[in-house]
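Me: I am new to this structure and would like to understand the terms used for it. Please show it to me, and then I will ask how each description is justified.

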Amino acid sequence: MDKTLNQIKKEFSEIANEHRQINSFFFGDFVDAINRDAVEYPLMVATIQPGTIDDESIFVNLQIIICDKYNESNYSQIDEIHSDCLQVCNDIRITLKQYRFEDYLSIEGAISTDPFINRGADMTAGWTMNVGLNVYDNEDWCAIPYDNYDFGNE
């Protein structure tokens, strides 16, 4: 795998930190993200989903959530949040298609999006998007940390 999952996590963290419309980033489950003591909204959450491995790449599927908090008594905020958060989702899609990423990954297929309203501990609204990343793998068996394992390739 040309980039590790931790390196991909770091890239998404940097995207969130540098985007002017995102105030915090969490890598893990959405419920864990919003149940922290001091969540700064708008929030970006990246959650690992099932993937696959083949001869050329490791398919990493991430659910990206972009959301903001709204006041229960002001439902008109939801339309504004949905509009802003969808734009941020598109910004992330465009970012992942830039030269910085082309040496080690590509986006697999179309990115599906789904709006949501969450009436939990925090009243939030936003979008989820499922991003399939093909992370290239050159199958470098010499880099596997084995001690004296005989592959039988000689």
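Me: What makes β2 and β3 a hairpin?

Reply: In this predicted model, where local features need pLDDT of at least 70, side-chain atom pairs count only at pLDDT 80 or more, and totals for chains, interfaces and linings use all residues, strands β2 and β3 form a hairpin with three residues between them. Strands are DSSP runs of E with at least two residues, helices are runs of H or I with at least four, and both are numbered from the N terminus. Two strands pair if DSSP finds at least two bridges between them, and nine bridges join β2 (residues 43–53) to β3 (residues 57–69), which run antiparallel, so the definition of a pair is met. Within this hairpin, Gln49 stands opposite Asn61 in β3. Residues are numbered from 1 along each chain as its sequence is written, and side-chain values use heavy atoms, with hydrogens and water left out.

Me: Which strand pairs with β3 over 13 bridges?

Reply: That strand is β6 (residues 123–136), which pairs with β3 in the antiparallel sense, and here Ile66 stands opposite Trp127 in β6.

Me: How do you know that the span of α3 agrees with what is expected of a helix?

Reply: The expected span is 1.5 Å times one less than the number of residues, so the 21 residues of α3 (residues 76–96) should span 30 Å, and the end C-alpha atoms are 31 Å apart, which agrees.

Me: Why is Phe30 called buried?

Reply: Buried means under 20% relative accessible area, exposed over 50%, and partly exposed in between, with a 1.4 Å probe and protein chains only. Phe30 has a relative accessible area of 14% and is therefore buried, and Phe116, at 17%, is buried as well.

Me: Why is the pair of Phe30 and Phe116 called edge-to-face?

Reply: Rings of Phe, Tyr and Trp (its six-membered ring) pair if their centres lie within 6.5 Å, and planes under 30 degrees apart count as stacked, over 60 as edge-to-face and the rest as tilted. A search of the whole structure finds five aromatic pairs. One of them joins Phe30 and Phe116, with 5.7 Å centre to centre and 75 degrees between the planes, so the pair counts as edge-to-face. The pair links distant parts of the chain, with Phe30 in helix α2 (residues 30–34) and Phe116 in strand β5 (residues 112–119), 86 residues apart.
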